[in-house]
Amino acid sequence: MDNIIAVENLTKTYASGFQALKGVSLHIRRGEIFALLGPNGAGKTTLISIVCGLVNPSSGQVLVDGFDNRRQYRQARQLIGLVPQELTNNMFDSVWSTVRLSRGLFGKPSNDALLEQILRELSLWDKRDERIMDLSGGMKRRVLIAKALAHEPEVLFLDEPTAGVDVALRRDMWNMVRRLQQRGVTIILTTHYIEEAEEMADRIGVIRQGELILTEDKDSLMRQLGTRQLTLQLQQPLQAVPSALSHYPLTLAEQGFALIYTFDAQAEQSGIAELLRSVDQLGIEVRDLHSSQSSLEDIFVGLVHNREKAEQPAAAGESA
């Protein structure tokens with residue numbers, strides 16, 4: 001699969017001295033859904049803004065389907081649709097005039113049939129003559145998406161698209177994203193709802209303090225870094241994990257009625273058989289057991305936490 005976006009060694013330092021991006025390199029595959037995850041202030045919006053040509057980098061290069069987004073800005077920008085976090089519509093315009101104007105700004109000929117299709121897919125057709133100021137917050141968010149799609153972009157950026165919207169709109173938006181991907185549109189999204197990335201994304205990128213610390217296929221990431229948990233439901237509660245079991249990674253839960261065993265799903269030996277034998281030898285009665293796989297959120301939190309933990313000694317040494 002070829003790359004539609006190539007980001008090479010991108011840096012951004014603002015006038016205040018704050019370094020928002022630190023040598024970020026990233027390739028986005030044509031037709032994929034790529035989720036960019038990271039804490040607030042990690043650099044997600046800065047990265048998107050630079051790729052879309054809204055902010056100039058301090059150094060580095062961005063190619064959009066081969067076009068340099070600074071030297072060939074018009075060709076590169078025409079390929080991109082952007083749904084920003086903030087509502088940026090002219091509140092006095094109607095929905096229809098807003099979407100038609102957005103298409104015209106990119107030099108596209110009129111195509112009312114296409115715009116009607118977009119508005120219908122976003123449940124906006126019945127609102128087409130209403131002023132944007134009279135719409136609900138969720139409907140205003142839909143108008144932003146309609147504007148981004150009006151010029152038929154090949155790449156769609158969604159910057160926190162479902163923040164503050166209701167469940168129905170979130171469901172409609174993700175159904176629309178799936179349809180767009182089926183048509184060949186590449187989707188790049190940032191989100192605080194990690195379960196959405198887990199459900200929708202083909203690949204995951206994790207950014208922290210301006211550095212891209214990981215990019216990986218979602219399924220591969222969950223296989224490599226995911227852990228499993230075996231929960232032993234007990235007949236009688238325990239006050240503490242018995243000392244004879246202290247060498248197992250066990251935690252006590254549910255007021256002592258559950259033992260939780262965490263293990264590496266990729267390891268050749270899980271250790272479960274040995275654990276169950278040890279539990280039986282101690283006379284601990286197990287009434288039920290079940291296992292679960294770690295979620296993408298568990299993996300994300302672990303990655304960020306481990307990186308912070310690894311940097312603490314260095315930070316302490318620098319300040320000494």
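# Exercises: two sheets, one helix and a cavity

Four strands make an open sheet in the order E2-E1-E4-E5, with antiparallel pairing. Its edge strands, E2 (19-29) and E5 (67-68), each pair on one side only. Strands pair here if DSSP finds at least two bridges between them; helices (H or I, at least four residues) and strands (E, at least two) are DSSP runs, numbered from the N terminus.

Before you start: this is a predicted model, in which local features need pLDDT of at least 70, side-chain atom pairs count only at pLDDT 80 or more, and totals for chains, interfaces and linings use all residues. Residues are numbered from 1 along each chain as its sequence is written, and side-chain values use heavy atoms, with hydrogens and water left out.

**Exercise 1. Trace the pairing from E1 through E4 to E5.**

Step 1: Begin with E1 and E4, which pair in the antiparallel sense over five bridges. Ala6 stands opposite Leu63 in E4.

Step 2: Move on to E4 (residues 59-64) and E5, an antiparallel pair with two bridges. Here Leu63 stands opposite Asp68 in E5, and Val64 stands opposite Phe67 in E5.

Step 3: Look at the turn. E4 and E5 form a hairpin with two residues between them, and Asp65 in that turn has a positive phi of about 50 degrees.

**Exercise 2. Work out which strands helix H1 touches, and how covered the helix is.**

Step 1: On the four-stranded sheet, H1 (residues 44-51) packs against E1 (3-13), E2 and E4, and its direction makes about 120 degrees with that of E1. Contact means heavy atoms within 4.5 Å; axes are lines fitted to C-alpha atoms, for helices over the stretch in contact, and angles run from 0 to 180 degrees between N-to-C directions.

Step 2: Now find the other sheet, an open one of six strands in the order E6-E7-E8-E3-E9-E10 with mixed pairing. H1 lies across E3 (33-37), E6, E7, E8 (186-190) and E9 (203-208), running at about 150 degrees to E7.

Step 3: Check burial (buried means under 20% relative accessible area, exposed over 50%, partly exposed in between, with a 1.4 Å probe and protein chains only). Seven of the eight residues of H1 are buried, among them Lys44, Thr46 and Leu47.

Step 4: Step past the helix to Gly53, which follows H1 and has a positive phi, near 80 degrees.

**Exercise 3. Describe the largest cavity and its lining.**

Step 1: Fix the terms. On a 1 Å grid over the protein atoms alone, a cavity is a set of points where a 1.4 Å probe fits but cannot get out, and lining residues have an atom within 4 Å of a point. Grid points are joined across faces, edges and corners, and a volume is the space filled by probe spheres set on the points.

Step 2: Count and size. The structure holds one cavity of 30 Å³ or more, and about 70 Å³ of space lies in the largest cavity.

Step 3: List the lining: Ile5, Val7, Leu26, Ile28, Leu36, Leu47, Ile48, Val51, Phe157 and Ile188. E1, E2 and H1 are the elements that give two or more residues to this lining, and H1 has the largest share with three.

Step 4: Sort by class. Ala, Val, Leu, Ile, Met, Phe, Trp, Tyr, Cys and Pro count as nonpolar, Asp, Glu, Lys and Arg as charged, and the others, Gly among them, as polar. The lining comes out as ten nonpolar, no polar and no charged residues.

How values were computed. On a 1 Å grid over the protein atoms alone, a cavity is a set of points where a 1.4 Å probe fits but cannot get out, and a pocket is an open set with protein on both sides within 12 Å along at least five of seven lines; lining residues have an atom within 4 Å of a point.
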